[in-house]
Amino acid sequence: MSNDEKGYGFKICVIGDGAVGKTSLIKKYTQGSFQKEYISTLGTQFSNYEEIIDGEKVRLFLWDIAGQDSFQALRQRFYIGSSGAIIVFSHAPEQIDSYNHVLRWLDDLKKHCGNIPIVLFGNKVDLVDDGELASNPNIPTSDAIVDKFVKENRFIGYYKTSALTGQGVTDAFKALVKKLYMIAKISSFS
Ligand code: G3D
Ligand code: MG
């Protein structure tokens, strides 16, 4: 097979409560890169994006929930065929519920997708003191608490991100893409 014919494609669904920054994160990550399509439909939209990993072309289909209201009926279609997932919560103190709801999103995801690699994003870290998160275990989204949660629930990683400043965004997406690439690569040899 020539290099042109090779290439991997991954559907990644991005979930989490409304207004935590899902759309902003996808836009930040794909910004400045060639984005083939950003298709909006009722309830979901997806971004078709290409990048090179280890010299190989990887196509990403980032599925984004556009509205929460009519979402129930679209869930099946939204989740089906996902290779990996991102669950986003917000560190903004008034959005603390978005952290409390992560487990619900995780259960929902597992129901539809089984055990796929999942990365947790703690977004809007620009609105809080990063040093405080690291050192004060009394903050509900402190590093100590979230790290424990991440281990217990077998996320492949946890990243503090800001779609506003760009902090952590590339690293967070790349962690998942590289994992998916490695899994696909290994299974292509067997
Ligand atoms: P959603 O797709 O999860 O619903 P959006 O969330 O991406 O639409 O973001 C919701 C609001 O949060 C937007 O503000 C957006 O600019 C803001 N936002 C997203 N990410 C960050 C971040 O990392 N830091 C800060 N400070 N704000 C962020 P508006 O005012 O447009 O509703
Ligand atoms: Mg959105």
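In this predicted model, the side chain of Ser 90 has a polar atom that lies 3.0 Å from the backbone nitrogen of Ala 92. The side chain of Ser 90 also makes a polar contact with the side chain of Gln 95, at a distance of 2.5 Å. Ser 90 is found in strand 5, and its relative accessibility is 1%, a value that counts as buried because the limit for that class is under 20%. When residues up to four places away in sequence are left aside, Ser 90 touches Val 20, Gln 95, Ser 98, Asn 123 and Lys 124. Of these residues, Asn 123 belongs to strand 6, and both Val 20 and Asn 123 appear again in the description of the ligand below.

Strand 5, which spans residues 84-90, is joined to strand 6 by 6 bridges, and the two strands run parallel. Within this pairing, Ile 87 has Leu 120 of strand 6 as its bridge partner. Strand 6 also pairs with strand 7, made up of residues 157-160, again in the parallel sense and over 4 bridges; here Phe 121 stands opposite Tyr 159 of strand 7. Strand 6 covers residues 118-123, and because 6 of its 6 residues are buried, it is largely enclosed by the rest of the structure. The cover extends to both faces of strand 6, since Ile 118, Leu 120 and Gly 122 are buried on one side, while Val 119, Phe 121 and Asn 123 are buried on the other.

The surroundings of ligand 1 were examined next. A total of 15 residues surround ligand 1, and the closest are Ala 19, Lys 22, Ser 24, Asp 126 and Ala 163. When this shell is divided by class, it has 5 nonpolar, 6 polar and 4 charged residues. Helix 1, which runs over residues 22-30, gives the most to the shell, with 3 residues. Several polar atoms of the protein lie at short listed distances from the ligand: an oxygen atom of ligand 1 is 2.6 Å from an N or O atom in the side chain of Ser 24, and an oxygen atom of ligand 1 is 3.3 Å from a polar backbone atom of Val 20. A nitrogen atom of ligand 1, in turn, lies 3.2 Å from a polar side-chain atom of Asn 123. Taken alone, ligand 1 exposes 650 Å², and the protein buries 60% of that area.A further position considered is Gly 131, which lies in helix 5, a helix of residues 130-135. With a relative accessible area of 42%, Gly 131 is partly exposed, whereas Ser 90 is buried. Gly 131 and Ser 142 are 11 residues apart in sequence, and their C-alpha atoms are 9.7 Å apart in space.

For the chain as a whole, the secondary structure comes to 7 helices and 7 strands, which follow the pattern β-α-β-β-β-α-β-α-α-β-α-α-β-α when read along the sequence. Buried residues make up 46% of the 190 residues in the chain. Among the contacts with a separation of 6 or more, 70% are accounted for by residues 24 or more positions apart. The chain exposes about 9,700 Å², of which carbon and sulfur atoms supply 52%.

Conventions: Residues numbered from 1 in each chain as written. Chains lettered and ligands numbered in written order. Predicted model: local features only at pLDDT ≥ 70, side-chain atom pairs only at ≥ 80, totals over all residues. Heavy atoms only, no water. Buried < 20%, exposed > 50% of the residue type's maximum accessible area, 1.4 Å probe, protein only. Contact = heavy atoms within 4.5 Å. Areas by Shrake-Rupley, 256 points an atom, 1.4 Å probe, with all protein chains shown as cover. Near = heavy atom within 4 Å. Polar contact = N/O pair within 3.5 Å; in protein donor to acceptor, adjacent residues only side chain to side chain. Nonpolar A, V, L, I, M, F, W, Y, C, P; charged D, E, K, R; others polar. Pairing = 2+ DSSP bridges.
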